[in-house]
Amino acid sequence: QPCPPVTTEAKVRTALDEHDDTGGFKRVDAAWRKFVKKGDPEFPPEADRYHLYISLACPWANGCYSLLKMKGLEDTIGVSIV
């Protein structure tokens with residue numbers, strides 16, 4: 001599904017904004033999420049086009065780095081560990 005357009009009127013959200021009438025948590029899709037995929041004019045998959053900056057102290061960054069290695073993309077996507 002396409003991402004909503006990013007505007008200067010974007011509202012900052014908290015977890016309190018992401019609940020339904022019964023109090024259940026309903027995560028809203030991230031407005032900043034984009035995907036690198038074949039045929040996409042904005043983010044086409046190309047060697048040496050992307051670079052990943054990570055800190056191994058961050059569990060999300062560590063997961064991204066692990067996935068990059070599992071998919072064999074370390075020769076295509078540059079990595080800097082800070």
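This is a short dialogue on reading a few features of a predicted model.

Colleague: What should I know before I start?

Modeller: In this predicted model, local features need pLDDT of at least 70 and side-chain atom pairs count only at pLDDT 80 or more, while totals for chains, interfaces and linings use all residues. Residues are numbered from 1 along each chain as its sequence is written, and side-chain values use heavy atoms, with hydrogens and water left out.

Colleague: In what order do the elements run?

Modeller: Helices (H or I, at least four residues) and strands (E, at least two) are DSSP runs, numbered from the N terminus. Here the order is β-α-β, with one helix and two strands.

Colleague: How do I check the length of helix α1?

Modeller: The expected span is 1.5 Å times one less than the number of residues. Helix α1 has 12 residues (59–70), so 16 Å is expected, and its end C-alpha atoms are indeed 16 Å apart. Just after α1, Gly 72 has a positive phi of about 70 degrees.

Colleague: Is Ala 15 buried or exposed?

Modeller: Buried means under 20% relative accessible area, exposed over 50%, and partly exposed in between (1.4 Å probe, protein chains only). Ala 15 counts as exposed because its relative accessibility is 55%. Buried residues make up 7% of the 82 in the chain.

Colleague: And what surrounds Asp 40?

Modeller: A salt bridge needs a side-chain nitrogen of Lys or Arg within 4 Å of a carboxyl oxygen of Asp or Glu. Asp 40 is buried without one; Lys 37, the nearest side chain of opposite charge, is 4.9 Å away. A polar atom of the Asp 40 side chain does lie 2.8 Å from the backbone nitrogen of Glu 42.

Methods. Lys and Arg count as positive and Asp and Glu as negative; His and the chain ends are not counted. A polar contact is a pair of N or O atoms within 3.5 Å; within protein, one must be able to donate a hydrogen and the other to accept it, and residues adjacent in sequence count only if both atoms are side-chain atoms.
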